[in-house]
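Please open the structure in the viewer and keep the selection tool at hand. The stops below move from one pair of packed elements to another, then to a single residue, and end with the whole chain.

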Amino acid sequence: MSTLLALDGFSITFPGNPAGNATVDGVRLSIGKGEILALVGESGSGKSLLAHAIAGILTGAARIEASTFTFGGIDLRDRCAPGWRDLRGREIGIVFQNARAALNPVRKVGRQIADVLAEHRQLRGKALRQAAIEALKAVRIPDAERRWHAYPGELSGGMCQRVMLAIAMAGNPALLIADEPTTGLDTTTQAAILDLILAQARTRRMACILITHDLALAMQRAERVIVMHAGQVVEEGAAATLLHRPSHPYTQALIGATPAAARTVGELAGIPGSFPNLAEEVAACRFAGRCERVLARCRLDRPSLAGASHQTACWNPL
Ligand SMILES: Nc1ncnc2c1ncn2[C@@H]1O[C@H](COP(=O)(O)OP(=O)(O)OP(=O)(O)O)[C@@H](O)[C@H]1O
């Protein structure tokens, strides 16, 4: 599978951090054309920052450093590189949680899709309107001709999420980033939206980064999973391998804390210790303070990802 996106030594820092700790710390990540990759980790582990950096919408307060940051061979560190602008708007689509808040409340949803289609496909008039209706149909919005006229406030959360997906896919992107796209939706709608995103990815041969804190969901839906803790990648591998043979103590703890892994509520495990405070000095391996297998070395010397297809950053793996 040829590589679409590659990041190495990728860090995001906020200059105001009193301890100088990077919030996303030296991440290595790659995704192949058409591949479905899940990025998992607890809240605050830096998944959204990473997604925003890839999509080119990271807050101006943050600084990026990377030894590699390429998409389809284009160096994304160089804003002057030919194709940079085009690529950010068209080749990478992103959907967020709470689509209703992300959509313009005073513009009809059909027009919002048409605005993006006009930019990407140079369509006008009737052809543009027809393309917007087709885009609504592609995300399985029933009665698309009528819904074209709806405002976001008149649609359910699930319908707004479908509209946002149609907007993200208007440029026929090579990569779709789905950042917790089903948070806040009811369980049935969650499954329908996820199925829709992944079906679209497969049909269009589009790569997809699915960001979630739900490890069970990641294991079921993705081909490969990357586990992040406090801004660092701790483990990466095929979904089935990580589920059945996790190698990093954090992945094991996440599996233990995932409801599907426990038969009874009594069996549900919490993840020990508290999330490190990046505004203070932290151990080299940021999981050290919560880890039952910690060694003296873990606090001083950061382990790099090691292994072939299944990689772990740990001095004392399982
Ligand atoms: N503008 C900012 N200034 C300073 N720190 C920030 C800023 N934005 C985010 N952060 C820090 O980055 C950390 C990672 O945030 P991020 O939203 O990427 O985590 P996440 O893994 O996506 O979590 P969630 O699942 O809750 O969305 C947060 O804990 C926050 O402290």
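Select helices H4 and H5, which cross with a right-handed sense. This is a predicted model. In this pair, H4 covers residues 109-121 and H5 covers residues 125-138. Their axes lie 9 Å apart and meet at an angle of about 115 degrees. An angle of 65 to 115 degrees counts as roughly perpendicular, so H4 is placed in that class relative to H5.

Next, display the side chains where the two helices meet. On H4, select Gly110, Ile113, Ala114, Leu117, Ala118 and Arg121. On H5, the partners are Leu128, Arg129, Ala131, Ala132, Ala135 and Leu136. Coloured by character, the residues of this contact comprise nine nonpolar, one polar and two charged.

Keep H4 selected and add helix H7, residues 157-168. The axes of H4 and H7 are 9 Å apart, and the angle between them is about 15 degrees. The two helices are therefore roughly parallel to each other. Their crossing, too, is right-handed. To show the contact, select Val109, Gln112, Ile113 and Val116 on H4, together with Val163, Ala166 and Ile167 on H7. These residues divide into six nonpolar, one polar and no charged. Ile113 deserves a label, as it takes part in the contact of H4 with H5 and also in that of H4 with H7.

Now leave the helices and centre the view on Met228, in strand E10, which comprises residues 224-229. Is Met228 buried or exposed? Met228 has 24 C-beta neighbours inside 10 Å and therefore counts as buried. Setting aside residues up to four places away in sequence, Met228 touches Leu39, Gly41, Ser45, Gly46, Lys47, Val233 and Val234. Draw a distance between the C-alpha atoms of Met228 and Gly46: the value is 7.8 Å, although 182 residues separate the two in sequence.

Finally, zoom out to the whole chain, which contains 12 helices and 12 strands. Its radius of gyration is 20 Å, close to the 20 Å given by the globule rule for 318 residues, so the chain is as compact as a globular protein of that length. Along the principal axes, the C-alpha trace spans about 70 × 50 × 40 Å. Of the 318 residues, 40% count as buried. Among contacts with a separation of 6 or more, 62% join residues 24 or more positions apart.

Conventions: Residues numbered from 1 in each chain as written. Predicted model: local features only at pLDDT ≥ 70, side-chain atom pairs only at ≥ 80, totals over all residues. Helix = DSSP H or I, 4+ residues; strand = E, 2+ residues; numbered from the N terminus. Buried ≥ 20, exposed ≤ 12 C-beta atoms within 10 Å, placed from the backbone. Contact = placed C-beta atoms within 7 Å. Axes fitted to C-alpha atoms, helices over the stretch in contact; angles between N-to-C directions. Parallel < 35°, antiparallel > 145°, perpendicular 65-115°, else oblique. Left-handed = near helix turned anticlockwise from the far one by under 90°. Nonpolar A, V, L, I, M, F, W, Y, C, P; charged D, E, K, R; others polar. Rg over C-alpha atoms; globule rule 2.2 N^0.38 Å.
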